[in-house]
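Trainee: Can we go through this one together? I'd like to know what stands behind each label we put on it.
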Amino acid sequence: MAFVDEAKIKVIAGDGGNGSASFHHEPYKPKGGPDGGDGGDGGSVILRADRSVGTLLDLRDHPHIKAGRGVNGERSRRYGARGKDRIVLVPPGTVVYDDDVLIADLAGEGDEMIAAQGGRGGKGNVHFATSTRQAPAFAQKGEPGDERTLRLELRLLADVGLVGFPNAGKSTLVSRISAAKPKIASYPFTTLVPNLGVVKHKEKSFVVADIPGLVEGASTGKGLGDRFLRHVRRAAVLVFLVDLAAEDRDPLDDVDILRRELIAFDPELGERPSLILASKTDVDPGRLDDVLKRHPDAHPISAVSGAGVDSFVETVATLVDKARADAPPAVGYVRHVVKEDPVRVAREGDAWRVRGKRAERAIAVTDFENEEAIERLQRRLVAMGVERMLEEAGAVEGDEVRIGEVNFDFQPEEQ
Ligand SMILES: Nc1nc2c(ncn2[C@@H]2O[C@H](COP(=O)(O)OP(=O)(O)OP(=O)(O)O)[C@@H](O)[C@H]2O)c(=O)[nH]1
Ligand SMILES: [Mg+2]
């Protein structure tokens, strides 16, 4: 199955059902009181991390996700049913962006977030009876559901990120230390998507991510680019694999080049604990001495002969343990970004524009076919201070005022 680690989706929650404006009827009795029930809330779109999913392929191919609408309320105080939620499964490790702001990290199995909140159901007219208005002939409409465009990014959950030039032997090493069976071949860019391998060491285990080869200039799009580096962002330890048998480059430069590319992608990666592996020692032992002079801590290995592999596993396991103890992996979180959205007034061409969720919501739930509903809306807008703000901004009677999708003439109440 294709591995897809990025998707842009549009999530559309269900609108709330409308409230009902009906009156109690009994044969041979005069008109009874209001008995219109509430509309049901709209369903929400929920993202949930689930291990049964390994890629964002499905979401990339079906990016429109809609939840159910709430059912309208009915006479005799009958409430409308809630709209059906839509639950979307994503791979654990998926992070969610709204306008480039990271809003959720669904790192653990079962982590979930409400991606789009269903609209509230409109209230039926049973709620609007007062001592002075015993027969309210209007009800609220349902609120519209949220609509958002989100960007999802999968960051694999690996403890160790293996980075190196193409053909350096990364996949060979992963196949040697884990049960993973990545494709191995003697040409560059054999690996086109990341592979994970689980390495067992004593009673513990850790996960290594073998990512596609990096070249100089990856951060500007050379080779396969640097987007696969997102899969090492969670890694506690980075392993730089340099190829002693490389014919077209000097392995002495590799570590510096790789480090530069990582930092260009995400400066934090420059601070990560790391380890240098000098690989293919069986081919050119002479070059190993040069590498060791420059990087005395480098570990010589040969994934083919097996030399040095056990001691590498031992060392990296210790580093992972230590790094995890210092900085435990981020647990899943959902950031509730409460957007400040006060009611405010601004010029819009020749008209005035009123913004703010409260005012826009008051408009959305109003039934403009109904006089009483409009009167109620006017009282609410006055109570919110909209009229005062318009006057302060310089609006005069007869000016056009826009709120949400509705336009009015400004008619201040006489004082
Ligand atoms: N002699 C020798 N050859 C090796 C060693 N490790 C890997 N190779 C060979 O190097 C070539 C590349 O190995 P891969 O494991 O596919 O390299 P890679 O880094 O995963 O390459 P990409 O996926 O293209 O980035 C293959 O022909 C391997 O057999 C080693 O330790 N010694
Ligand atoms: Mg490979």
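Mentor: Sure, starting with the ligand: among the 24 residues around ligand 1, G169, S171, S186, T191 and G213 come nearest. Keep in mind that this is a predicted model, where local features need pLDDT of at least 70, side-chain atom pairs count only at pLDDT 80 or more, and totals for chains, interfaces and linings use all residues. As for labels, residues are numbered from 1 along each chain as its sequence is written, while chains are lettered from A and ligands numbered from 1 in the order in which they are written.

Trainee: What makes a residue count as near a molecule?

Mentor: Its C-beta atom, placed from the backbone, has to lie within 6 Å of the molecule; the cut-off is the same for a strand. By type, the shell around ligand 1 has 10 nonpolar, 11 polar and 3 charged residues. Here Ala, Val, Leu, Ile, Met, Phe, Trp, Tyr, Cys and Pro are nonpolar, Asp, Glu, Lys and Arg are charged, and the others, Gly among them, are polar.

Trainee: Which helix gives the largest share of the shell around ligand 1?

Mentor: Helix α2 (residues 170-177), with 3 residues. Helices are DSSP runs of H or I with at least four residues, strands are runs of E with at least two, and both are numbered from the N terminus.

Trainee: R176 lies in helix α2 too. Why is R176 called partly exposed?

Mentor: Buried takes 20 or more other C-beta atoms within 10 Å of the residue's own, exposed takes 12 or fewer, and partly exposed is in between, with C-beta atoms placed from the backbone. R176 has 19 C-beta neighbours inside 10 Å, so it counts as partly exposed.

Trainee: And what about Y79, in the loop between β3 and β4 (86-90)?

Mentor: Y79 has 19 other C-beta atoms within 10 Å, so Y79 is partly exposed. In α5, on the other hand, F312, V313, V316, A317, L319 and V320 are buried.

Trainee: How do you know that the span of α5 is close to the expected one?

Mentor: The expected span is 1.5 Å times one less than the number of residues. Helix α5 (residues 309-326) has 18 residues, and its first and last C-alpha are 26 Å apart, close to the expected 26 Å.

Trainee: Now the sheets. What makes β6 and β15 a pair?

Mentor: Two strands pair if DSSP finds at least two bridges between them. Strand β6 (residues 101-106) and β15 have 2 bridges, in the antiparallel sense, and D105 has Y333 in β15 as its bridge partner. They belong to an open sheet of 6 strands with mixed pairing, in the order β3-β1-β8-β5-β6-β15. Its edge strands, β3 (64-66) and β15 (333-334), each pair on one side only.

Trainee: There's also an open sheet of 4 strands, ordered β16-β17-β18-β19 with mixed pairing. Why are β16 (344-348) and β19 (406-409) at its edges?

Mentor: Each has a single partner strand, so one side of each lacks a neighbour in the sheet. β16 pairs with strand β17 (residues 351-355) in the antiparallel sense over 5 bridges, and R347 stands opposite W352 in β17. Their hairpin has 2 residues between the strands, and G349 takes a positive phi near 65° there.
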